[in-house]
Amino acid sequence: SSCESLFIKREFSKDGRNLLLKEEKEEGLTESFEYLPNSNLPVAKIVSKNDRILLREFKEYDDCHNLIGVIEDDGASLDKNNLQDVKQRKIKKIILRQESPNLHLPEWVEETYLEENIEKLLSRKHLLYDEEGRVINSLLH
């Protein structure tokens with residue numbers, strides 16, 4: 001009989017939150033994470049292999065720590081504004097409700113992509129909620 005094993009090395013923060021900072025697999029794939037200061041909210045995830053970045057994901061939050069944006073691409077830099085080697089970039093913008101009921105729940109979700117440094121619309125959804133804050137309808141525009 002044969003026995004297979006997989007080696008995974010993980011590094012966690014030492015700030016009492018024990019947040020996953022880095023995960024390395026024996027085949028060379030590494031995922032690194034950054035968090036909003038004094039929180040467990042991720043702001044960056046970098047997937048790389050042999051020190052070459054394969055995928056970047058950046059998250060943005062408002063002052064109340066509500067998610068308002070996500071950027072996913074295949075760039076080569078740790079800086080989200082650096083578009084070096086970006087072949088595909090998807091951007092999600094979340095516009096939150098500014099009045100009750102359902103204050104700060106997503107009202108609009110726009111997905112765009114980058115083509116020749118110009119954002120182009122993929123989809124735009126308008127979310128409607130019931131009294132308990134459950135999505136009852138998602139209208140594409």
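How many bridges join strand 8 to strand 9? There are eight, and the two strands run antiparallel. Keep in mind that this is a predicted model.

## The sheet as a whole

Let's start with the overall layout. Ten strands make up an open sheet in the order 1-2-3-4-5-6-7-8-9-10, and the pairing is antiparallel. Strand 1 (8-12) and strand 10 sit at the edges with a single partner strand each, so one side of each has no neighbour in the sheet. From one strand to the next, the twist averages 15°.

As background, strands in a sheet pair through backbone hydrogen bonds, in either a parallel or an antiparallel way.

## Pairs along the sheet

Strand 5 (residues 52-61) and strand 6 (residues 67-73) are antiparallel and share six bridges. If you want a spot to click on, Glu-60 has Gly-69 in strand 6 as its bridge partner.

Further along, seven bridges tie strand 7 (residues 89-96) to strand 8 (residues 106-115), again antiparallel. Here Lys-90 is partnered with Tyr-113 in strand 8.

## The hairpin of strands 8 and 9

Back to the opening pair: strand 9 covers residues 118-129, and Arg-124 in that strand stands opposite Glu-110. Strands 8 and 9 form a hairpin with two residues between them. One to check in your phi/psi plot is Glu-116 in the turn, with a positive phi of about 50°.

## A nonpolar patch on the surface

Leu-128, Ile-136 and Leu-139 form a nonpolar surface patch, together offering about 240 Å² of accessible area. Ile-136 belongs to strand 10 (residues 135-140). Is Ile-136 buried or exposed? Ile-136 counts as exposed because its relative accessibility is 55%, and the cut-off for exposed is over 50%.

Key
Residues are numbered from 1 along each chain as its sequence is written. This is a predicted model: local features need pLDDT of at least 70, side-chain atom pairs count only at pLDDT 80 or more; totals for chains, interfaces and linings use all residues. Side-chain values use heavy atoms; hydrogens and water are left out. Patches are made of residues with over 30% relative accessible area and no salt bridge: like charges are joined within 9 Å, nonpolar side chains (Val, Leu, Ile, Met, Phe, Trp, Tyr) within 5 Å. Accessible areas come from the Shrake-Rupley method with a 1.4 Å probe; for residues, only the protein chains shown count as cover. A salt bridge is a side-chain nitrogen of Lys or Arg within 4 Å of a carboxyl oxygen of Asp or Glu. Helices (H or I, at least four residues) and strands (E, at least two) are DSSP runs, numbered from the N terminus. Buried means under 20% relative accessible area, exposed over 50%, partly exposed in between (1.4 Å probe, protein chains only). Two strands pair if DSSP finds at least two bridges between them. Axes are lines fitted to C-alpha atoms, for helices over the stretch in contact, and angles run from 0 to 180 degrees between N-to-C directions.
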